[in-house]
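This report describes a single protein chain, moving from the surroundings of individual residues to the pockets and the chain as a whole.

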Amino acid sequence: MIQFRKNWRLVFVVTLMTGCGEVTESLDGYGGNSSSPATGAAYLGGTYTGQTGQVLTQQLSDDAFNALSEEQQYATANKLLSTLYKGVPVHEYFKLDNGLTSPESINGGGYFTSLVRRLQTPMDNDQVVHLDRYILGGDEVDNGSGMNQEAAFRFSGDRARELPLARIHVYPISRQLYTHWMAWHLANSFLFSPAAELDSAGMTDVQNVYRRLVNGIERQEPIRAIVSEHMRSLENWRRFRSPEDNTREMMEIFLGLEDKDDEVPRASKACQDLYLTSENEGYLLAYTDFPNDEAQTVLDTTIVNCDDFYDAVANHERLIPTVAWTLVRYFYAGKTFPEQNAVVEALVAGNPQTFEDIFSAIIFSEEYLLNSERMRSFEEAFLPIAERIEWKTREDTFMGLASGRGGMSRAYMEEMGWPAMTSKLGRAAGIATDALSFANYHKALREELLIDRWRYGRALGLIEPEPEDIDDEGLSQAEYTARESRHRQLQLMSLRDLVDYFFMSTINRRATAEEREALLTLFHNNDWLRFEIERTYVKDGRLSDVAWVTFDYLSRLPEMYYLTRVQETN
């Protein structure tokens, strides 16, 4: 039996054996907020007296990044990339010719700043069209112009919530990737959820909400402008369908004001000229022909109509702190309430104008990257690890994750308590850790990714590539040559380095001596090793078996499901 890190909030006691797919451990809810929406109501103004606001939002510098050990640099880079659903493989960050005992990285001193700069640099339009053509097929992208490129992925009738993840997965590090990721996060939040679960909403609403967010972020529109446009939209009225409900929720969602019951009647009177039609009439936003003409005092300002009300919300002093609080509660889910408040105050003190200002101040900061810890969402676990082990993406991957359709349906995030643009109140502030939700999370990550070795074996270097791979997988000669080289490197690695290679490819750290000893005993008992005078090697054809068992073990460790503090990665 191996008990891993007793100081973790989430403790697994695992039996080191293969074929054990059941989760029998109970999970303690992490952060205590996994079932409540991330409202802004709790933002009260902080009294935290720890680090200064400047430190809390200060971008990690190249000097601070370079001061870390090379393994910590790799873990830090992947913490940022995992947040963005991306990842860098071990063999791309380290030169493997001499193994991993004293690894040499590709970091020439400016790696982190370069990574941030790439996220701020747009692809040219031709590259975007090329990638969209790859994702959707030639006819779809080129409007029937005769381009007959086959689509790489299949989508269902719920494509509006499937395509964003496909783009985030396929797009390289770029401003377009960053824009789509921010829009995805916001469209799944309490702030902008299209509420597809309601009978009055549907995939058209999902598409419109998401596309407006992408367009607004891309054009660097102010937060206030994006919120103002959204509140006036048909999609918002399909989520909150009466003047009373709509005005109450706008004050709660965007201002964190849950104690304004006395103002709701006045606000709803100002909006009495608007209503949502019935189901038979298509749930359309219509005028009543009876506009209000009496001045109403709401939010300490005088309003007459609904436009006045929405202007009052969009221009209110609490809007930016409430938006910041909503995002901080997610990205700093492992922090205490006073610590979260301190981050919000630091963000607001920076006078952010756009959503990008807030996202960047959070995820590029030294505080987030080096000092925070929280549970990963399924996207933050599955998609980054898939990139790092070079798992060959299935054509129905995003149908499965977002809509529960196709052969990847067991990776349906809604069954993990993490629905895509579905809930009226958006996703919860924390990841669901009830037994059923987490069992589905673990099962999908383990079975659809970590032990699906035939989809990553050749790319990761476990299986010797064959010339037929060039045509079968559409490889360039350079890619094929790189696979050959990687396979030779793994064959020559010491067992210690090989096990570390698998650990670092998934959980960003080396194996402990205890873990390594237990795994090597298991490999020996299965007759996968050959012993020579100078050292022990893996037998020909057994590299994929060794990886499979190692990944199966790793699927049971808490680090697989957490974005950890850097000092806990080694």
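Two residues are in contact when heavy atoms of theirs lie within 4.5 Å. The model discussed here is a predicted one.

**Two buried positions**

By that criterion, and not counting residues up to four places away in sequence, Val206 touches Ala160, Arg161, Pro194, Ala196 and Met421. Val206 belongs to helix 10, which spans residues 203-218. Its relative accessible area is 0%, so Val206 counts as buried, the cut-off being under 20%. Between the C-alpha atoms of Val206 and Asp158 the separation is 9.1 Å, although their positions lie 48 residues apart in the sense of being that far apart along the chain.

Ala511 offers a second example, this time in a loop: the residue is located between helix 26 (495-507) and helix 27 (513-525). Ala511 is buried because its relative accessible area, 8%, falls under 20%. When neighbours within four places in sequence are left aside, the contacts of Ala511 are Val499, Asp500, Phe503 and Arg516. The C-alpha atom of Ala511 is 8.5 Å from that of Arg496, a residue 15 positions away along the chain.

**The disulfide**

How many disulfides does a search of the whole structure find? The search returns 1. The disulfide is formed by Cys271 and Cys306, whose sulfur atoms are 1.9 Å apart. This pair links distant parts of the chain, 35 residues apart: Cys271 sits in the loop between helix 14 (264-270) and strand 5 (274-276), whereas Cys306 is in helix 15 (residues 306-314). The link is right-handed, with 85° about the S-S bond. Cys271 and Cys306 are both buried.

**The pockets**

The largest pocket holds about 1500 Å³ of space. It is lined by 45 residues, and those closest to its centre are Tyr134, Glu390, Trp391, Thr393 and Glu479. Two or more lining residues come from each of helix 5 (111-119), helix 6 (125-136), helix 8 (159-170), helix 20 (378-388), helix 23 (457-460) and helix 25 (477-492). Helix 25 gives the largest share of this lining, with 4 residues.

For the second largest pocket the volume is about 240 Å³. Among its 21 lining residues, His487, Gln491, Asp540, Gly541 and Leu543 are the closest to the centre. Helix 25 contributes here as well, since at least two residues of the lining come from each of helix 25, helix 26, strand 11 (536-538) and helix 28 (543-554).

The composition of the two linings by residue class is set out below.

| Pocket | Nonpolar | Polar | Charged |
|---|---|---|---|
| Largest pocket | 23 residues | 7 residues | 15 residues |
| Second largest pocket | 10 residues | 6 residues | 5 residues |

**The chain as a whole**

The secondary structure consists of 28 helices and 12 strands. The chain has 570 residues, of which 59% count as buried; Val206 and Ala511 are examples of such residues. Among contacts with a separation of 6 or more, 70% are made by residues 24 or more positions apart. The accessible surface amounts to about 22900 Å², and carbon and sulfur atoms account for 45% of that area.

Key. Residues numbered from 1 in each chain as written. Predicted model: local features only at pLDDT ≥ 70, side-chain atom pairs only at ≥ 80, totals over all residues. Heavy atoms only, no water. Disulfide = S-S within 2.5 Å. Buried < 20%, exposed > 50% of the residue type's maximum accessible area, 1.4 Å probe, protein only. 1 Å grid on protein atoms, 1.4 Å probe; cavity = no way out; pocket = protein on both sides within 12 Å on 5 of 7 lines; lining within 4 Å. Points joined across faces, edges and corners; volume = space filled by probe spheres on them. Nonpolar A, V, L, I, M, F, W, Y, C, P; charged D, E, K, R; others polar. Areas by Shrake-Rupley, 256 points an atom, 1.4 Å probe, with all protein chains shown as cover.
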